[in-house]
Amino acid sequence: MNTAPAPKAPTLPDAQTVTQVTHWTDWLFSFRVTRPKSLRFRSGEFVMIGLMGDNGRPLLRAYSIASPSWDDELEFYSIKVQDGPLTSRLQHIKAGDEIILRPKPVGTLVHDALLPGKRLYLFATGTGIAPFASLIRDPETYEKFDEVILAHTCRTVAELEYGRVLVESLPDDPLIGEFIDGKLRYYPTTTREDSPKMGRVTDKLRSGELFDDLGVPPISVDVDRAMVCGSMGLNKDIKEILEGFGLREGANSDPAHYVVEKAFVG
Ligand code: A2P
């Protein structure tokens with residue numbers, strides 16, 4: 001009888017273990033993985049994650065980290081593209097599986113890229129909410145701003161669910177609840193299914209409806225700052241709107257009034 005231990009499956013380079021997977025719709029899911037001990041990141045940044053490809057080479061895509069920087073684990077939020085090279089496979093991961101994570105966080109949706117202000121707007125479409133899921137759980141966001149407005153536009157109500165569940169859970173969260181203290185406001189809209197607020201956030205900004213709904217003055221360079229993460233169309237349109245209000249785009253090396261990142265397809 002052969003008593004030698006079974007050979008261990010080779011561990012992937014930069015492997016992390018999946019701890020939890022939640023399927024929100026047939027085309028959206030979130031998952032949590034172990035966090036490399038050495039990984040430091042700023043809430044809002046992204047990393048490259050993926051799986052080993054059939055050719056033995058890592059297949060990696062940029063994913064915003066959706067968990068805050070104080071969390072022991074890392075969370076990601078992804079679409080499932082049925083013929084997408086990575087997400088067609090990634091959507092099947094289960095707790096205990098391994099993924100590859102390159103521990104080199106980067107990105108512009110960070111507090112360091114914004115000048116001080118009073119009100120922070122977070123504009124997202126679709127999975128572009130991921131970096132903001134991190135930032136709205138970061139105490140620094142509430143230390144730096146008196147009011148935080150998360151505006152999320154999706155096609156359907158089901159696509160809003162990940163953000164809605166998160167936002168509703170935060171006031172009672174033992175770690176972050178006290179920092180939020182009523183400062184976080186949520187402005188969800190849908191464009192292709194009935195919901196209490198329908199239409200693109202860009203149209204709500206242009207018409208002023210968003211300001212009326214929230215009871216805030218129009219955007220002003222003196223007090224308002226913004227972060228934008230969505231489709232190329234959203235990013236371009238919001239840039240134009242924000243610049244129309246006199247805001248200037250910032251970067252890590254040159255902080256200003258707003259910052260933009262495209263939502264990664266994954
Ligand atoms: P719409 O249904 O009017 O295109 P997608 O699934 O295509 O990435 O879009 C996600 C959400 O972002 C949809 O609700 C979509 O609205 C909205 N959207 C797409 N482009 C823009 C844009 N340029 N400005 C504002 N919202 C947009």
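**Ligand contacts and pockets**

User: What makes the pairing of the ligand with Arg 155 a polar contact?

Analyst: An oxygen atom of the ligand is 2.9 Å from an N or O atom in the Arg 155 side chain. A polar contact is a pair of N or O atoms within 3.5 Å, so the 2.9 Å pair with Arg 155 qualifies. Happily, Arg 192 offers another: a side-chain N or O atom of Arg 192 is 2.6 Å from a ligand oxygen. Gly 233 takes part through its backbone, where a polar atom lies 3.2 Å from a ligand nitrogen. The protein buries 78% of the 550 Å² that the ligand exposes when taken alone (Shrake-Rupley areas, 1.4 Å probe).

Please keep in mind that this is a predicted model, in which local features need pLDDT of at least 70 and side-chain atom pairs pLDDT 80 or more, while totals for chains, interfaces and linings use all residues. Residues are numbered from 1 along each chain, and side-chain values use heavy atoms, without hydrogens or water.

User: How do you know which residues are around the ligand?

Analyst: Each has a heavy atom within 4 Å of it. Among them are Thr 125, Thr 153, Arg 155, Ser 231 and Asp 237.

User: What makes the largest pocket a pocket, and what lines it?

Analyst: A pocket is an open set of points on a 1 Å grid where a 1.4 Å probe fits, with protein on both sides within 12 Å along at least five of seven lines; lining residues have an atom within 4 Å of a point. Here 23 residues line the space, with Thr 125, Gly 126, Thr 153, Arg 155 and Ser 231 nearest its centre. Its volume, the space filled by probe spheres set on the points, is about 660 Å³. Helix H8 (232-244) is one of the elements supplying at least two lining residues, and H8 gives the most, three.

User: Why is the largest pocket placed between domains?

Analyst: Domain 1 (15-106) and domain 2 (111-260) both contribute to the lining, so the pocket lies between them. The bounds come from an automatic or database domain assignment.

User: What about the second largest pocket, and where does it lie?

Analyst: It holds about 290 Å³ of space. Of its 17 lining residues, Arg 32, Glu 75, Arg 137, Tyr 162 and Leu 166 are the closest to its centre. H4 provides the largest share, four residues. Domains 1 and 2 both supply residues to this lining as well, so the second largest pocket also lies between them.

Conventions: A polar contact is a pair of N or O atoms within 3.5 Å; within protein, one must be able to donate a hydrogen and the other to accept it, and residues adjacent in sequence count only if both atoms are side-chain atoms.
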